[in-house]
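Biologist: Before I plan anything at the bench, I would like to go through this model with you, one question at a time.

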Amino acid sequence: MGFNNILLSLLLVACIVLVIVLVLFIQRLMGVVKTTNQLLNEVKNSLDIVTKDVDSLSIEVEGLLNKANYLVNDINGKLEQTDPVFKALGELGVSVSNVNTSANNLSKSFVLRKKQASKSVVKMGSAVSKIFKSTTKKKPTTIKKF
């Protein structure tokens with residue numbers, strides 16, 4: 001056997017080994033592709049389920065939002081109807097405050113007049129007392145001689 005035959009045999013063995021490695025790599029790659037394909041199918045199925053759920057949920061959410069808008073509009077209308085009541089209550093509060101202030105001022109006025117009247121009564125009583133004393137003073141009785 002010649003050197004060329006040995007080289008040719010070695011080249012043939014190297015090609016066979018390379019083909020075997022390439023086949024094993026392709027098999028592994030096919031396994032990865034198959035697993036990836038299964039994963040993608042599961043993701044697609046999950047997305048289909050989620051899409052259906054989201055569609056049904058969006059319909060329900062839209063219905064709830066419509067009801068909420070109706071309720072908010074109804075509450076706003078009712079609150080607008082109560083505005084005059086609260087305005088009247090505010091005005092009543094101001095009026096009660098004014099009456100309270102007036103009553104307070106009146107009571108202070110009465111207290112002041114009472115003090116002045118008391119002083120006047122004391123002065124008048126003192127004057128009446130002096131007048132009474134002066135009129136009832138016993139004049140010294142003089143003994144008349146006969």
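Biologist: How many helices and how many strands are there in the protein chain?

Modeller: Please keep in mind that this is a predicted model. One element, helix α1, covers residues 3-136, and the count for the protein chain is one helix and zero strands.

Biologist: What percentage of the residues of the protein chain count as buried?

Modeller: A residue counts as buried when its relative accessible area is under 20%. Applied to the 146 residues of the protein chain, that cut-off gives a buried share of 0%.

Biologist: Which atoms supply 68% of the area that the protein chain exposes?

Modeller: The protein chain exposes about 14000 Å². The 68% in your question is the part supplied by carbon and sulfur atoms.

Biologist: How many salt bridges does a search of the whole structure find?

Modeller: One of them joins the side chains of K44 and D48, with an N to O distance of 3.9 Å, which falls within the 4 Å that the definition allows. Another is formed by D74 with K78, whose closest N and O atoms are 3.2 Å apart. The search of the whole structure gives a total of two.

Biologist: By about how much of the helix are D74 and K78 separated?

Modeller: Both residues belong to helix α1, where D74 and K78 are four residues apart. That spacing means that they are separated by about one helical turn.

Biologist: Is D48 buried, partly exposed or exposed?

Modeller: Partly exposed residues lie between the buried limit of under 20% and the exposed limit of over 50%. D48 has a relative accessibility of 37%, and therefore counts as partly exposed.

Notes:
Residues are numbered from 1 along each chain as its sequence is written. This is a predicted model: local features need pLDDT of at least 70, side-chain atom pairs count only at pLDDT 80 or more; totals for chains, interfaces and linings use all residues. Side-chain values use heavy atoms; hydrogens and water are left out. Helices (H or I, at least four residues) and strands (E, at least two) are DSSP runs, numbered from the N terminus. Buried means under 20% relative accessible area, exposed over 50%, partly exposed in between (1.4 Å probe, protein chains only). Accessible areas come from the Shrake-Rupley method with a 1.4 Å probe; for residues, only the protein chains shown count as cover.
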